Structures are given as structure tokens and as C-alpha cells.
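Reader: I have not looked at this one before, so could you walk me through a few of its local features?

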Amino acid sequence: LDDAAAAAGAARPGAVDLPAAAWSHFVEDNGLSEFISRTLDDASLGLRRKSERIRERVLAARLAPESETGRAVAAAAASCPCLILGEDATLRAEDSARALSAVKEAWAASWGPGPLGARLRAGRGADFTGRTRLARAPKADVSGLLFSRDPGSGRRRVLVEASAGGFDAVVAGDAAADRWALDFRSGRALEFVAGSPGGKPLLTPARLARLARLGRALDAWRGGAVEAAFSFDGGDLVVHHARPLEPPRPPQPLDDPFTPRPAPEELNVKPVR
């Protein structure tokens with residue numbers, strides 16, 4: 001990711017990676033391995049119920065400050081306030097105590113129905129490494145999310161959502177956001193929806209062109225659609241994280257035998273006279 005961002009003229013925030021064994025130590029300390037395996041193998045549970053049970057157990061587990069993983073989190077959180085960058089969630093931590101709970105929340109997010117379902121379809125349901133970074137929360141005048149392809153259709157166009165201020169507003173999800181659809185090659189704005197009526201666009205055409213370039217670089221790096229979080233601080237473009245997006249599923253045909261059909265009496269169709 002660092003090389004792909006640099007190729008697009010963007011930077012990465014200063015960050016510290018948790019040790020590779022942090023998740024496995026957490027699992028071992030709380031006896032979660034057998035519980036996760038048993039839950040994933042339980043054919044009586046659907047995906048959402050499996051996800052719910054595992055996430056509840058992860059959040060209820062203890063991540064003690066004196067444990068090996070707890071000490072690693074405290075050391076990495078020395079520069080708080082910081083951002084906890086998990087594989088499927090980004091959270092803010094003001095101090096080391098909050099960082100401990102945020103790391104658990106980031107891990108629990110990777111057992112949500114979406115990430116868990118993707119791993120199960122790939123035949124690696126329990127294969128979760130818990131990669132987590134603690135990054136210094138940078139100053140920024142505009143922050144947002146970038147999608148290198150349309151998540152709904154898979155079309156090659158860059159979608160951008162941007163809010164004023166730092167990345168905290170994006171994480172919280174409570175800030176008004178401007179939205180653009182950009183040409184994949186040129187970065188030219190194809191569509192624009194203002195976050196507030198009559199508001200001035202937060203991003204200039206030059207900044208949009210830089211984001212389109214970043215989208216192309218990340219798309220080439222991953223070989224497919226990517227979601228990335230970014231911030232602008234003056235002339236500096238910073239990439240916080242980048243995650244692959246699942247390709248949109250093709251619509252099921254009407255005669256698909258696995259598609260549930262309503263009972264005739266539920267259709268309320270009046271007879272023709």
C-alpha cells in the first residue's frame with residue numbers, strides 16, 4: 001500500500017503495526033479458538049447468527065493492559081490521539097485505555113456478516129490474522145472515502161465522498177458529505193451531489209484529479225475494486241487505509257430454483273373478465 005500510494009503522489013500517516021501474533025495471543029488468553037471453530041461448523045446457524053455470536057464473544061473477552069497484547073497496544077498508542085486501523089474498521093482512540101477497547105472493536109468488525117461471509121466463500125472462515133495498525137490522527141481540512149469502482153455495478157468510475165475537517169468526522173459518520181462520480185481516466189466530474197443545499201464543493205477539480213489517480217493506482221495494486229480513506233492537509237494527500245471490495249453479485253434469474261416464490265394467494269392478482 002505504501003508503494004501504491006507513493007506512485008499516486010500520496011503519503012501514508014506515521015503508524016505502528018501491532019505484532020503479528022497479537023490476535024492469536026488474544027484468542028489463546030480467552031480460549032476463543034474452540035468456540036470460533038465450533039460456531040463456524042454449526043450447520044444449524046445461519047451466517048448472521050454465527051457472526052453475532054462470535055462478535056459478542058470477542059467484545060466480551062478480556063484484553064488486559066498487562067497481557068502481551070495489551071502491552072503492545074499501549075506501546076503503539078503512546079502517540080494518541082490515534083486511529084485504530086483494522087482490516088474492516090477504523091476507530092479513533094484518545095488514549096491507551098480507549099485503544100484497548102477500539103482494537104477489540106476492530107477485530108470484532110472482521111467477524112461481521114460481510115467479512116465473515118467473504119472468508120467462508122473462499123474456504124477460509126477462521127483464517128483471520130487480526131492485522132491492526134495504530135496511526136497518528138493527522139490534521140486535515142477535508143477527509144473522505146474513495147471507491148475505485150462503483151460498488152453497486154462494478155463500473156470503472158471513481159466514487160468520492162468528502163466531509164470538511166479531519167478523518168474523525170468520516171469515522172463518526174455524522175458529517176454532511178459531498179459526493180462525486182469521476183471519470184476513471186481523467187478524473188473529470190461526471191456527477192456531483194452537495195452535502196448541504198447551496199454549499200460550495202469541498203474538493204477542487206485538481207484535487208479530484210489526484211483522487212482519480214489514487215483510485216487507479218490502488219485498483220491496479222489490488223487488481224480489483226478498492227475502498228480507501230483519505231485526507232487533504234493543504235497540498236498533502238494522505239491515505240489512511242485501503243480495503244478490497246467484493247464484486248457485485250449478478251442478479252438471480254426469475255426461474256432460479258433457489259429463489260423463494262410467494263404463495264399465489266399472497267400476490268393479490270385480480271382475475272381478468
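Reader: What does glycine 31 do just after H2?
Author: In this predicted model, glycine 31, which comes just after H2, takes a positive phi of about 60°.

Reader: And which residues of helix H2 are buried?
Author: Helix H2 spans residues 22–29, and its buried residues are Ala22, Trp23, Phe26 and Val27. These buried residues are on the same side of H2, because the arc they cover around the axis is only 135°.

Reader: What about the other side of H2, is it buried or exposed at Glu28 and Asp29?
Author: Glu28 and Asp29, on the other side of H2, are exposed.

Reader: What covers the buried residues of H2?
Author: Several helices contribute to that cover, including H3 (32–41), H4 (47–60), H5 (68–76) and H6 (96–109).

Reader: Changing topic to pockets, what volume does the largest pocket have?
Author: The volume of the largest pocket is about 1,100 Å³.

Reader: How many residues line the largest pocket, and which lie nearest its centre?
Author: There are 36 residues in its lining, and those nearest the centre of the largest pocket are Glu87, Asp88, Arg131, Arg243 and Pro244. By class, that lining holds 15 nonpolar, seven polar and 14 charged residues.

Reader: Which element gives the largest share of that lining?
Author: Strand E10 does, with five residues of the lining of the largest pocket. At least two residues of the lining are supplied by each of helix H7 (113–121), helix H9 (205–222) and strand E10 (236–244).

Conventions. Residues numbered from 1 in each chain as written. Predicted model: local features only at pLDDT ≥ 70, side-chain atom pairs only at ≥ 80, totals over all residues. Heavy atoms only, no water. 1 Å grid on protein atoms, 1.4 Å probe; cavity = no way out; pocket = protein on both sides within 12 Å on 5 of 7 lines; lining within 4 Å. Points joined across faces, edges and corners; volume = space filled by probe spheres on them. Helix = DSSP H or I, 4+ residues; strand = E, 2+ residues; numbered from the N terminus. Nonpolar A, V, L, I, M, F, W, Y, C, P; charged D, E, K, R; others polar. Buried < 20%, exposed > 50% of the residue type's maximum accessible area, 1.4 Å probe, protein only. Arc of directions from axis to C-beta. Contact = heavy atoms within 4.5 Å.
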